[in-house]
Every structure is written in C-alpha cells, then in structure tokens.
There are 2 protein chains.
Amino acid sequence: MRYVVIMAGGSGTRLWPLSRQGMPKQLLELVGGTSLLRMAYERVAGLVPAGQILVCTGAGYADVVAEQLPELPPENLLGEPVGRDSLNAVAWPAAVLAAKDPDAVVAQVSADQIIEPVDAFRAALVEAFEVAETSEEVLVTFGVLPTSPHTGYGYLHRGEPVPGHNSACAVLEFKEKPDRATAEEYLAGGDHWWNSGMFVWRAAVLLRQLEELVPESYEIVTELAAAPAKLAGLYPKLPKISVDYAIMEPVSQGRGTAHIVAVALPIRWYDVGGFPALAEHLATDDAGNAIEGRTVAHQTANSLVINRAGADHLVATLGCEDMIIVTTPDVTLVCPMAAAEQIKSLVGEVTERVGTAYS
Amino acid sequence: MRYVVIMAGGSGTRLWPLSRQGMPKQLLELVGGTSLLRMAYERVAGLVPAGQILVCTGAGYADVVAEQLPELPPENLLGEPVGRDSLNAVAWPAAVLAAKDPDAVVAQVSADQIIEPVDAFRAALVEAFEVAETSEEVLVTFGVLPTSPHTGYGYLHRGEPVPGHNSACAVLEFKEKPDRATAEEYLAGGDHWWNSGMFVWRAAVLLRQLEELVPESYEIVTELAAAPAKLAGLYPKLPKISVDYAIMEPVSQGRGTAHIVAVALPIRWYDVGGFPALAEHLATDDAGNAIEGRTVAHQTANSLVINRAGADHLVATLGCEDMIIVTTPDVTLVCPMAAAEQIKSLVGEVTERVGTAYS
C-alpha cells in the first residue's frame with residue numbers, strides 16, 4: 001500500500017520570535033491562519049487514505065500537531081525524542097511501515113515550503129509512486145525545475161528518460177550546493193534540477209540500502225520498529241547524518257543495490273525560510289507593506305509588521321522602510337530586512353544575556 | 001511673601017506613546033525615574049516654604065501631580081478645567097495669590113525643561129525676586145545666554161544694566177522666533193538672550209497690566225479668585241492668548257504701567273521636546289544606544305529603546321541604527337530618529353484609524 005510521511009522537524013530560528021524551541025517554523029500559523037504542516041497535509045490528503053498519512057517530527061510538538069491535524073490517527077505521529085537529521089526521519093518510518101506492511105511504498109515529503117500549484121505536486125507524487133511500484137530496486141527523488149541559478153540548493157544531474165513514465169529519468173549525479181558560476185551553467189544547460197529532498201521508495205528497498213550503507217542505523221530502526229518502547233533509549237544512538245549523504249549520493253555512485261530515478265516536480269516552491277521570504281507571501285498595501293494585526297503604518301513602505309502581542313496592542317510605525325517588526329506577548333523584534341539573516345545570531349545573544357526563556 | 005508657581009500644562013504629543021492626553025510630558029518619568037515636574041519642584045524647594053509653592057496644570061492631572069509631589073498642599077494645585085494658553089496660567093495664580101496676600105511676589109517657572117546647573121537657576125531666581133521687590137512697577141523675565149543661533153526660541157534685546165543687582169538689565173524689545181541669519185547676528189552681537197518664558201513679579205503689578213491690556217481676562221480671574229466655585233463655568237471664557245503677546249511685548253513697547261527687566265539665567269536647558277532630545281539625557285552603551293527596560297540590542301547603534309511593555313517583555317533589535325523603539329503595554333512605536341518630528345502626524349492617523357483609545 002501507499003503511505004505518505006510528512007517530515008516536519010527543525011526549529012526555524014530565522015522566524016524568531018514567532019518560531020521558538022517549542023514552536024518550529026512548520027507549525028506556525030504563518031500565512032492566512034494556516035501552517036506549513038497543515039498545507040503539506042492538505043497537499044497529500046486524498047492521494048492515500050488518512051490512515052496512511054504519517055508525520056515525523058519532534059516528540060515535543062505532538063500536541064500542536066494533533067491540534068492542527070485532527071484527522072491524523074495518534075499512532076501515525078512519529079515523535080523523535082531528539083533530532084537526528086534526515087536519514088532517520090526516513091529510515092525510522094520505513095522500518096515501522098515495513099514491519100506492518102512488507103509491500104509498503106512510502107513517499108517522504110517535507111513541510112518546509114509553500115508549493116504551487118498543488119495539482120502539479122500531486123501528479124508528480126502519483127508518477128513517483130508508479131515508478132517505485134513498477135521498478136524492483138529504485139529510489140525515486142524529485143527534481144524541481146530551476147528558475148534561477150540558486151546557490152542554496154543541491155542539484156541533480158539527470159540522464160536518460162525511464163520508458164513508460166511521464167517525466168522520470170535516471171540520475172547521473174548528486175551535486176552539492178554549487179558556486180554561482182556553476183549554478184549558472186546548470187541553469188543554462190537544462191539537465192540539472194534542484195534536489196527537492198523529497199522521495200518515494202518501497203520501504204524494503206530503502207532498508208536494504210540502509211543495511212548495506214549505514215548498518216548501525218539499520219539495526220536500531222529495525223529494533224525500534226519491533227520494540228517501540230525502546231524509543232527514548234535507542235533513538236539518541238542513531239548517527240546524525242543526512243539521507244543525501246548517507247544513501248542517495250553513494251547509491252548514485254553505484255554503491256548499494258538500487259538505482260536512482262528522478263521525477264520532475266514542475267512547481268514553484270517557497271522556502272519561507274525567513275521574514276523577507278514570508279513577506280512575499282502576504283498581501284501588501286499600496287506602499288508595499290505586509291501587515292498582520294492591529295497596526296498603523298504611517299509614512300512606512302515595504303515593511304513587514306506581524307503584531308501578535310495581544311488583541312488590543314497597537315504597533316505604530318513612522319518613516320520606516322524595509323523594516324521587520326514582529327511582536328508576540330513576550331518579545332518585540334525590530335530589524336531591517338537586510339539584517340534578517342542575522343536573527344540566529346541575535347537569538348544567540350538573547351539566550352546568552354537573558355537565558356532560554358525567549359528562545 | 002514669595003511664591004513660586006510651576007506651570008505644567010501641555011500634552012506633549014512628540015513623546016507619544018509615553019505621553020498621552022492623560023499623561024503630558026512634564027508628568028512622565030523620563031530620566032532616572034523622575035519627571036520634569038518633580039525636577040522643577042526640586043529646583044525651587046527650599047527657596048520658599050512648601051506651602052508657597054503652587055502648580056498650575058490641567059485639572060485632569062491632579063492625581064498624578066499629587067502622587068509625584070506629596071509635599072504639595074492640595075489647595076496649591078490650580079487645575080485648569082481647559083487649557084487657555086500661558087496668559088491665564090500666570091494671571092489666575094496672580095489673582096488667587098493677590099487675594100490672600102496683597103504683597104505676594106510670584107515666580108512663574110516652567111516644568112518643560114531639564115536645567116543645569118540647578119544652583120545657577122536658584123541664584124537667578126533669588127536675584128529676580130529681589131529686583132521685583134525693590135522696584136515699584138517691574139515685570140522680571142529671564143534671559144538664557146544663547147549657545148547657538150537657535151531659531152526655535154524667542155529672543156530678548158537687552159539694554160542698560162539695572163544698578164544694584166548682579167545681572168539685571170532693561171529689556172529693549174521682545175523678538176519673535178528669528179530666521180537663521182538674524183539668529184546668527186543675535187548670537188554674534190552678544191546683547192540678545194533667549195526668552196525663557198519664566199517670570200517674577202508682584203502679583204499686584206501683573207494684575208495692573210492685565211487690567212489695562214486684557215480687561216476681559218482681568219475681570220474673570222479676579223472673579224475666580226473671589227469665587228473658586230465658578231471655575232468650571234468661567235475658565236472656558238478666558239481668551240486663549242500667550243503672556244508674551246498679551247503682556248510682555250506691549251509693556252516693552254511702553255503700554256501698561258510697568259517696565260521690564262531681564263535677569264540672566266546662566267544655565268543650559270534641555271527641552272526634552274522629543275525622543276532625540278530625550279536620548280541625549282540618558283546613559284548610553286558603547287554603541288551609543290540609550291536603553292531602558294529589558295532589551296537586547298544586537299548589532300545596533302545610536303538607537304533609543306524604551307521598553308515599558310511589561311516586566312517580562314523583551315525588546316530585541318538587530319541591525320538597527322538611529323532608531324527609536326518605544327513600547328508601552330498597549331502601544332509599540334518604531335521610527336527612525338530622523339522621522340521623530342512627524343510623531344504628531346502619526347498620532348493623528350492613529351486617532352483617525354483606530355480611535356482615541358491610544359492618543
């Protein structure tokens with residue numbers, strides 16, 4: 001049967017003070033009162049029955065996830081006691097699903113982005129399921145058609161088409177984040193796609209690669225699938241490693257037993273990785289301001305104001321340009337758009353100076 | 001006997017959201033936890049007994065004044081039902097004091113500024129009392145020695161010294177706020193002082209000028225002194241006019257019965273008329289930030305942060321330069337220093353958009 005695992009880990013410091021240790025980016029109600037997790041759920045709802053959608057996230061977020069996804073059966077929430085990078089966020093669900101359904105075919109999708117159009121995403125997912133089901137030893141990844149020479153993404157170098165499918169083709173190589181000149185070559189050449197970090201595979205095929213390439217991880221996740229009560233003790237022993245580095249790259253180089261196929265994901269995706277990106281997804285006024293909450297923006301332009309300090313609290317801005325102003329009941333953040341990348345450094349100083357109460 | 005009347009009217013929009021309709025600038029605890037009113041009181045305390053110090057302010061501020069000046073006898077608070085400009089803030093106290101003490105000599109001092117050094121202020125006040133007491137028909141004003149060609153103040157053109165006193169001299173003319181070139185001439189010439197807006201006179205002398213120059217005001221304030229219960233009905237009928245325009249200028253031109261003498265006020269004064277001026281009176285960190293309340297100012301320079309949102313609320317700034325950030329429990333203000341002059345316009349839009357709850 002088909003399953004979808006939504007990966008929703010991470011902490012998302014760059015949206016502080018909205019995001020916190022206990023409230024990662026994916027769970028925030030960012031755009032139109034909905035969260036990236038809820039959007040990710042709705043993108044896959046209907047492709048498989050509700051009982052076959054799982055969420056893998058931090059154990060501490062279980063309550064918020066349950067609140068945002070009332071359709072999710074409680075046992076379908078895989079709560080990591082500690083973060084252990086992306087390998088285990090795919091290996092653990094694969095082991096759990098394989099134990100109860102040896103024919104499980106699993107899509108691992110992320111909740112990190114806004115994706116448009118959703119129909120194209122769903123069509124690609126269906127194609128990837130079909131590729132995984134009709135090939136014996138295959139790991140399917142998704143390639144996003146690049147629209148810019150982005151240096152923040154990894155790339156896939158795609159090869160020959162796989163007959164019988166719409167867009168599927170072999171993957172010749174995984175490329176780490178390139179420099180600008182290389183990224184421009186990729187874009188001009190047309191045979192490189194952005195590495196989406198989303199996958200479809202038979203659980204058994206993934207586990208076979210894992211057993212060969214990262215046996216210590218394989219042993220722990222299969223033990224966990226058989227004995228869930230050992231979670232707190234065993235999970236921290238898992239190696240901290242990314243699925244690309246541990247599985248996809250070695251397999252693309254001929255190690256492991258499978259081969260890799262990419263399916264085209266003809267979508268625009270938006271990271272919402274920080275406030276400037278978020279601002280682009282909110283409605284703006286005539287002066288280019290994106291505003292949420294009770295605010296008077298006077299002689300103010302191209303600024304983002306998110307006022308969540310409380311129902312009656314007013315944020316008044318005057319003469320501001322390209323500013324970010326975010327209030328919560330316990331924190332007010334003020335910074336220029338251009339400084340948004342440094343919020344992590346700010347949170348570091350906050351923690352150092354006034355403790356972890358705000359981080 | 002000698003009396004001191006502290007004038008503490010006005011609303012002080014330029015310090016919004018700290019200052020409000022119900023909380024004018026003079027009553028705010030701005031610097032070191034003390035208010036301009038309290039500073040003004042302490043400047044004159046000891047020069048006359050506590051029972052001879054009065055405060056003239058808006059009736060609505062009575063509770064705050066009583067809290068900040070516990071030494072003030074309740075009957076020494078003259079609460080104006082409505083603001084009626086500076087003429088009545090001197091004429092009404094003169095009438096009240098003359099009614100109970102025909103020899104009353106009254107100093108009218110303002111609570112608008114920080115004044116340094118206080119000793120020089122007190123010495124000038126004593127000299128002015130002596131001038132007023134030893135001349136029969138004199139209105140004493142104070143001239144601040146100018147330190148810059150300020151175009152925001154009126155000026156006094158001083159004439160011959162008055163024998164027998166330290167700095168007292170005749171006043172030839174009152175000058176309205178000059179243009180820059182004229183102000184520079186005044187500064188270079190050395191015979192112009194800034195018009196301080198503070199005065200000393202016998203109450204009877206002031207009232208004699210008032211009777212001749214603004215008889216409708218004279219009639220009302222003498223009636224009010226005899227029948228305080230009529231305050232709410234009569235006060236609004238007083239003409240709205242400044243003491244300079246109604247009394248000082250005409251008298252300096254030979255109208256009225258008195259002549260005008262200026263005493264030198266060798267002090268620096270600070271208007272604290274807005275946030276940039278306030279910032280200059282607060283201690284700064286190595287990056288030039290003036291900060292009050294729980295704040296982490298990261299990569300931030302030359303900014304003013306006043307965080308009064310609540311004990312546990314944190315203001316975090318990142319990459320800010322020359323910014324003003326002020327929080328109260330109900331308002332957060334963000335504006336560049338350079339825009340501070342427009343706060344009145346901002347408050348106008350706030351009132352228009354979300355009503356008077358915040359103004």
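**Two chains and a shared sheet**

Chain A is built from 11 helices and 19 strands. The model is a predicted one, and that is worth keeping in mind throughout. Along its principal axes, the C-alpha trace of chain A spans about 65 × 50 × 40 Å. How does the radius of gyration of chain A sit beside that of a compact globule, and what is its value? Chain A comes out at 21 Å, which agrees with the value near 21 Å that a compact globule with 359 residues would have.

Chain A splits into two parts: domain 1 covers 2–270, and domain 2 covers 275–358. Between the C-alpha centres of these two domains of chain A there are 31 Å. Where they touch, domain 1 of chain A puts in 10 residues and domain 2 of chain A puts in 14 residues. On the domain 1 side of this contact in chain A, eight residues are nonpolar, one is polar and one is charged.

Next comes the meeting of the two chains. Here 35 residues of chain A are in contact with 35 residues of chain B. On the chain A side, β15 (295–298), β17 (314–318), β18 (323–327), β19 (331–336) and α11 (343–354) each supply at least two residues. Which element of chain A gives the most? That would be α11(A), with seven residues. Sorted by class, the side of chain A that touches chain B holds 21 nonpolar, nine polar and five charged residues. As for where the helix goes, α11(A) lies across β15 and β17 (314–318) of chain B, and runs at about 140° to β15(B).

How do the two copies relate to each other? A turn of 180° with a shift of 0.1 Å along the axis lays chain A on chain B with an RMSD of 0.1 Å. The two copies are therefore related as by a two-fold rotation axis. Both copies also use the same surface, as 100% of the contact residues of chain A recur in chain B.

Strands from both chains come together in one sheet. Six strands make up this open sheet, in the order β14(A)-β16(A)-β18(A)-β19(A)-β17(B)-β15(B), with mixed pairing. At the edges stand β14 (290–292) of chain A and β15 (295–298) of chain B; each has a single partner strand, so one side of each is left without a neighbour in the sheet. On average, and with direction ignored, neighbouring strands of this sheet are turned by 5° against each other. At the chain A end, β14(A) pairs with β16 (residues 304–307) of chain A in the parallel sense, over three bridges. In that stretch, A290(A) faces L304(A) of β16(A) as its opposite number.

Pairing across the chains also turns up between β17(A) and β19 (residues 331–336) of chain B, which run parallel and are joined by four bridges. One of the residue pairs here is V315(A), whose bridge partner in β19(B) is T332(B).

Elsewhere in chain B, β9 (residues 155–161) has pairings of its own. Five bridges link β9(B) to β10 (residues 169–175) of chain B, and the two run antiparallel. With β11 (residues 192–202) of chain B, β9(B) pairs over three bridges, again in the antiparallel sense. L156(B) takes part in both pairings: it stands opposite F174(B) in β10(B), and its bridge partner in β11(B) is W193(B).

Definitions and conventions. Residues are numbered from 1 along each chain as its sequence is written. Chains are lettered from A and ligands numbered from 1 in the order in which they are written. This is a predicted model: local features need pLDDT of at least 70, side-chain atom pairs count only at pLDDT 80 or more; totals for chains, interfaces and linings use all residues. Two residues are in contact if their C-beta atoms, placed from the backbone, lie within 7 Å. Ala, Val, Leu, Ile, Met, Phe, Trp, Tyr, Cys and Pro count as nonpolar, Asp, Glu, Lys and Arg as charged, and the others, Gly among them, as polar. Two strands pair if DSSP finds at least two bridges between them. Copies are superposed by least squares on the C-alpha atoms of residues with pLDDT of at least 70 in both. Domain bounds come from an automatic or database domain assignment. Axes are lines fitted to C-alpha atoms, for helices over the stretch in contact, and angles run from 0 to 180 degrees between N-to-C directions. The radius of gyration is taken over C-alpha atoms; the globule rule is 2.2 Å times the number of residues to the power 0.38.
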